[in-house]
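Please look over the model shown here with a guide at hand. A visitor will put questions, and the guide will reason towards each answer.

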Amino acid sequence: MLEIDNLSVSYNSEKKSVHALGPLNMQISSGDIYAVIGPSGCGKSTLLNVLCGIIKDFEGKVLLKGEDLSPKKHNIGFIPQNFGLLPWKNVYKNCMLPLKIKEQPIDSAVKERAEYILNKLNIGDLKNRYPRELSGGQKQRAAIARTFIMNPDLLLMDEPFSALDALTREEAQELFIDIWNQYKTTTILVTHNIEEAIYMGKKIVILSHCPGTIVKIIDNPLFNTENLRQNEDYLKLSESIRSIIKRGWKI
Ligand SMILES: Nc1ncnc2c1ncn2[C@@H]1O[C@H](COP(=O)(O)OP(=O)(O)OP(=O)(O)O)[C@@H](O)[C@H]1O
Ligand SMILES: [Mg+2]
């Protein structure tokens, strides 16, 4: 369980203070996947930066499995918008990097898991390639593989599909959900895209304008439905989210 309790973040400089996020309260059960949408500048990336430990200066409490969240204690996977692959390492070495940093053993079980995940994401034969030799969609899948191989307690994604064209994006979303269904990693996905939130989110969190607070949490009845994109209820749910946005991110 991830507990976010009265989280509030401000950016302070000598001249001024910007209240960027909160107060925010959320409880995310282990094995859930939350899609977070909200207007530009409402604090979505700020939230992920708190959860992955980049921002340490915040008010409130964040607990993972009952302990103060910390990248030292917990395994936290983060897929940034630009995928975060190191250009001088090939796909396989990029995938093993989080384990090396954490000084975790790369034994035969880990190697088997890595092989399985890379094949599942259709990049098994690209292991020796460098990021510059990959398409956008392939880089994206390498970044997804890397996080699932490290078996994180919490997986954070900041608009991970936004750089992809529409078809590659849908394919990447489908591969992601397929592999997520197997490992059920607790995940928070930030997106600008309503359809993506409905496709990927078991729960959909809608944030207000800056400083972002929760407008609504939707328990998504359509999560994991087959052929979702052709489903009539899919259009109805996306229309109801669109109407919240049209009202200025208010209900
Ligand atoms: N380092 C910083 N110093 C001061 N203000 C900042 C800093 N980083 C972000 N902000 C401000 O904090 C607010 C939240 O920013 P954040 O990047 O979290 O928004 P976001 O929801 O991720 O936006 P987008 O959808 O455009 O990516 C914004 O108003 C932004 O201008
Ligand atoms: Mg952002």
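The exchange below concerns a predicted model and takes up its sheet, cysteines and salt bridges.

Visitor: Which span does UniProt list for the ABC transporter domain?
Guide: The name comes from an unreviewed UniProt entry, "domain: ABC transporter". In the model, the end C-alpha atoms of this span lie 28 Å apart, and the span is 32% helix and 26% strand. The record lists residues 2–234.

Visitor: In what order do the strands of the open sheet stand?
Guide: The sheet has 4 strands with antiparallel pairing. Strand S2 (17–28) and strand S5 (67–68) each pair on one side only, which places them at the edges. Strand S1 (residues 2–12) is joined to S2 by 8 bridges, and Glu 3 stands opposite Gln 27 in S2. The order is S2-S1-S4-S5.

Visitor: What angle does the direction of helix H1 make with that of S1?
Guide: Helix H1 (residues 44–51) packs on the sheet. The helix touches S1, S2 and strand S4 (59–64). Its direction and that of S1 make an angle of about 115 degrees.

Visitor: Why does Cys 52 form no disulfide?
Guide: A disulfide requires cysteine sulfur atoms within 2.5 Å. Cys 52 is buried, at 13% relative accessibility. The closest cysteine sulfur to that of Cys 52 belongs to Cys 42 and is too far for a bond, at 17 Å.

Visitor: How far is the sulfur of Cys 210 from the closest cysteine sulfur?
Guide: Cys 210 counts as partly exposed, with 39% relative accessibility. Its closest cysteine sulfur is in Cys 42, too far for a bond, and the disulfide count comes to 0. The separation of the Cys 210 and Cys 42 sulfurs is 7.4 Å.

Visitor: Which residue forms a salt bridge with Lys 61?
Guide: Lys 61 is partly exposed, with a relative accessible area of 42%. Its partner is also partly exposed, at 40%. The closest N and O atoms of the pair are 3.3 Å apart, and the partner is Asp 68.

Visitor: How many residues apart are Glu 115 and Lys 127?
Guide: The two side chains meet in a salt bridge at 3.0 Å, N to O. Glu 115 lies in helix H3 (residues 108–120), whereas Lys 127 lies in the loop between H3 and helix H4 (136–149). The pair thus links distant parts of the chain, at a separation of 12 residues.

Visitor: Which residues are linked with Asp 32 in a network of salt bridges?
Guide: The model has 11 salt bridges by count, including one between Lys 73 and Glu 67 at 3.8 Å. In the network, Asp 32 is linked with Lys 202 and Lys 203.

Notes: Residues are numbered from 1 along each chain as its sequence is written. Chains are lettered from A and ligands numbered from 1 in the order in which they are written. This is a predicted model: local features need pLDDT of at least 70, side-chain atom pairs count only at pLDDT 80 or more; totals for chains, interfaces and linings use all residues. Side-chain values use heavy atoms; hydrogens and water are left out. Two strands pair if DSSP finds at least two bridges between them. Helices (H or I, at least four residues) and strands (E, at least two) are DSSP runs, numbered from the N terminus. Contact means heavy atoms within 4.5 Å. Axes are lines fitted to C-alpha atoms, for helices over the stretch in contact, and angles run from 0 to 180 degrees between N-to-C directions. UniProt positions are given in the numbering used here, feature names are shortened, and annotations may be inferred rather than shown by experiment. Buried means under 20% relative accessible area, exposed over 50%, partly exposed in between (1.4 Å probe, protein chains only). A salt bridge is a side-chain nitrogen of Lys or Arg within 4 Å of a carboxyl oxygen of Asp or Glu.
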